[in-house]
Amino acid sequence: MRRTRRWCGCLVAALCMTSPLWAQDQAQDQPAASADEAGAAGGKPQLKWGLEAKMNYRRSEDNKFPVPFPFTPDQLPVGQTKGFEETVNAGSHIELSGVSLFLDGVWSESLKAHLKLDFISLYERNPTSTGTQTNVDEAWIQFGREGGHALLATHSGIYVRVGKMGKFERQNDRHLESYGLVSTAFNRIEDVGVEAGADLGQHFYVKGSYTSGNPVFMRDPNALAGDNGTPEEVQPLLPHPDPKLKTGVVILYDARVQDIDQKHPQTGLALGWRTADIEGRNGIDIMAWGRERKMAQDGTIQGSAYGTDIDLLNGPLDAFSFAIKNDRKREAGGNLWLYLGGFSFFAQYVDQDLAGLPRTGLEAEASWSFDLPLVWSLGGQQLFPTLAPAVRYSMLDNKFRNPPVTPSPSFSWDWTKIDAGLRLGIVGATDLTVEYANNDFILASGAHRNNNEYLATLHWRM
Amino acid sequence: MRITSLALALLVTGAAVAGAEDLHGTIQLVTKGGKNAATESDVTQAVVYFEPAGGAPPRRAEAPFEMVTRQKQFLPRVLAVPRGARVRFPNQDPILHNVFSVSPGNFFDLGLYNQGPGKEQKLDKPGLVRVFCNVHHSMVAYILVLDTPYYTQPGPDGRFSLTGLPKGPGRLTIWHEQADPWTASLTLPQAQQGPSASPSGSITARVEVVRPRIPPHLNKSGQSYFHSGRDSYQQP
């Protein structure tokens, strides 16, 4: 009852923040027809394409954490007597980490399509180096108009989006190139299916989805995923595997969709409220959401011999299982977006039950974007137009224990990650982000350990 | 155009005519409530104009007026022009700008253009023209298209003079981008009258600043400046 009252209080407070305060006396001339409308009026779609590339310098600490699993000598590198979870690719490296092609078509405000093809995507590999490299990251068509987060909807309306797309609860304006623990664990990777939603007036909205569902797998939360279960590592005819990319210190996460799985669909629902000033400079958006699906018993993942979903949680040979209780995967969460001029804040809380293994996550990112004075230019555009420091806190609280014998003890480690960085706009859509990730986790013994990383990313888009 | 209450927006402590057709005065910008001087607001950006009741002879618009873009600002920020005037927007920045207005009757969109003499726009309809850049949200300017030749802008001390005004009734307006417009009916030549008369024979106007320097506005397509490009997963 007390909790209900508290929620009611929050709702009343939120309603008090609507129009009279935020949309007060905003002298505003009527804008011209939008670009979308202009496209519709012409009867021809507006087609737009773009290229994006990312290059980074990365310096990763070299850390190893022994795992309580009886590997045979043949399963370990020569001279090694026990297995480890270890930094994926320690040391200093320069990498071309991403190359993507975009294609957008806009027929009208109510009909648009989007395609994103990844040719190189080191950070979203699937999730091993032997997985698919070229990937359709997003491909969807949308009917109707979807209101933006922390923006007033111009009118009530609905939309339906079909294809491969980001989840509606995913943070859509990250200010660092790295990811937080929550965004990696729960909603970093795209899903395939149908999403529909409605704007109910200017402030309220609802969303729902019916999708294939991402298989549960494991990866390191730093930049690169590890080579877990690659053929090189598990091929029995090749003893003493010693892959170039190591396991990583892994957490459970929603991996890339393997195929359109119709047997284990995921349903999602979200309810949200938002308000903003008329120009969208200041705004707030809160959204409660949930997802549920039945997990596969024997899912597979391309590029790895390890299974996904229940198979992964059962451990090697189904003999070292976590204390799973069912085959349901349920998540409930809340998002907050806040914009105050150049300041932006995003927070997400997730409560998950993974086949009876409970865990929660919290992530919050704050950033402030400053316009820099015009000093130099290049090709009609300002050199160094913006500077944006950003800091992100994320944590995973795993409320389950490891089995006594497991090759992946880090599944249950409580974990805190703090990312801090600076994004400098260089020219146009080219920017440089320099950041540091501090990973602090608590081993089963109670000891704290770190696995940290510097990352500098040059991002270019045309 | 809203006419504000004398009590709230402007206190006329005196009104007088130095010569038969001259009008002098001082504008004081004050914070909301009128207790303090609005030191962060620029009084030189005000425009004072007089509209005779019988109409005014049209002022011929000859060479185009200029409003340049420099250091991601419009200069001047406020420009008063007669109806039918042409305004040129030279770009003195080494970067692209896109000057536009969606003000009723004076809609224009000059498109993206680089450093150079810029483009020109004729303004036919009297009224306030809000001018923005579609690339840079902070670029804001105002053009007052006036149907009277009797206008001026005050100096840094807020003092203004309107000279050569016709005799008879008319309306005096003080406009400032951060305030509601103030208007008052006058008859020229005007004798000192009432409790607000000033022995010095000048008008002292206290104008309340009620709006931010950069007003809320959308881009030329009616979209927010701030959310385009926020989504790192979408094209800018």
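**Exercise 1. Confidence along chain A**

In this predicted model, chain A has an average pLDDT of 87, and 89% of its residues score at least 70. Find the stretches of chain A over which the pLDDT is below 50, and decide how they should be read.

*Solution.* Begin with residues 1-28 of chain A, where the pLDDT is below 50 and where the model shows 17 contacts beyond near neighbours in sequence. Continue to residues 31-41 of chain A, where the pLDDT is again below 50 and the contacts beyond near neighbours in sequence number 27. The last step is a caution: where pLDDT is low, the predicted coordinates should not be read in detail.

**Exercise 2. The partners of strand β1 in chain A**

Determine which strands pair with β1 (residues 46-60) of chain A, in what sense they run, and which residues stand opposite each other.

*Solution.* Take β4 (residues 91-108) of chain A to start with: β1(A) pairs with this strand in the antiparallel sense, over 15 bridges. Within the β4(A) strand, the residue opposite A:Asn56 is A:Glu95. Turn next to β26 (residues 453-461) of chain A, which runs antiparallel to β1(A) and is joined to that strand by nine bridges. Here A:Arg58 has A:Leu455 of β26(A) as its bridge partner.

**Exercise 3. A strand covered on both faces**

Examine strand β11 (residues 251-254) of chain A, and work out whether its two faces are covered or left open.

*Solution.* Recall that in a regular strand the side chains alternate between the two faces of the sheet. On one side of β11(A) lie A:Ile251 and A:Tyr253, on the other A:Leu252 and A:Asp254, and all of them are buried, so that both faces are covered. As for pairing, β10 (residues 216-219) of chain A runs antiparallel to β11(A), with four bridges between the two strands. One of the pairs is formed by A:Met218 and A:Leu252.

**Exercise 4. The surroundings of A:Gly180**

Locate A:Gly180, decide whether this residue is buried or exposed, and list its contacts outside the neighbouring sequence.

*Solution.* The residue A:Gly180 sits in the loop between β7 and α4 (181-187) of chain A. To judge burial, count C-beta neighbours: A:Gly180 has 28 inside 10 Å and is therefore buried, the cut-off being 20 or more. Its contacts, leaving aside neighbours within four places in sequence, are A:Glu363, A:Glu365, A:Arg392, A:Ser394, A:Lys417 and A:Asp419. By way of comparison, the C-alpha atom of A:Trp460, a residue 280 positions away along the chain, is separated from that of A:Gly180 by 22 Å.

**Exercise 5. Backbone angles worth a second look**

Two residues with positive phi and one cis peptide bond can be examined here; place each in its loop, and say how buried the two positive-phi residues are.

*Solution.* As background, most residues other than glycine have a negative phi, and most peptide bonds are trans. A:Ala150 has a positive phi, near 60°, and belongs to the loop between β6 (135-144) and β7 (157-165) of chain A. Because A:Ala150 has 25 C-beta neighbours inside 10 Å, this residue counts as buried. B:Lys72 likewise has a positive phi, near 55°, in the loop between β4 (68-70) and β5 of chain B. With 19 other C-beta atoms within 10 Å, B:Lys72 is partly exposed. The cis peptide bond leads from B:Leu75 to B:Pro76, with omega near -5°, and B:Pro76 is placed in the loop between β5 (73-75) and β6 (78-82) of chain B.

**Exercise 6. Two open sheets in chain B**

Chain B contains one helix and 17 strands. Describe the strand order and the edges of its five-stranded and four-stranded open sheets.

*Solution.* The five-stranded sheet has the order β6-β12-β11-β8-β9 with mixed pairing. Its edge strands are β6 and β9 (108-113) of chain B, each pairing on one side only, and neighbouring strands are turned by 20° against each other on average, direction ignored. At one end, β8 (residues 97-101) of chain B and β9(B) pair antiparallel over four bridges, B:His97 having B:Tyr113 as its bridge partner.

The four-stranded sheet runs β13-β2-β15-β16 in chain B and is antiparallel. Since β13 (151-152) and β16 (182-188) of chain B each have a single partner strand, one side of each is left without a neighbour in the sheet. Between β15 (residues 168-175) of chain B and β16(B) there are seven antiparallel bridges, and B:Gly170 stands opposite B:Leu186.

Key
Residues are numbered from 1 along each chain as its sequence is written. Chains are lettered from A and ligands numbered from 1 in the order in which they are written. This is a predicted model: local features need pLDDT of at least 70, side-chain atom pairs count only at pLDDT 80 or more; totals for chains, interfaces and linings use all residues. Two strands pair if DSSP finds at least two bridges between them. A residue is buried if 20 or more other C-beta atoms lie within 10 Å of its own, exposed if 12 or fewer, and partly exposed in between; C-beta atoms are placed from the backbone. Two residues are in contact if their C-beta atoms, placed from the backbone, lie within 7 Å. Axes are lines fitted to C-alpha atoms, for helices over the stretch in contact, and angles run from 0 to 180 degrees between N-to-C directions. pLDDT is the predictor's confidence in each residue, from 0 to 100.
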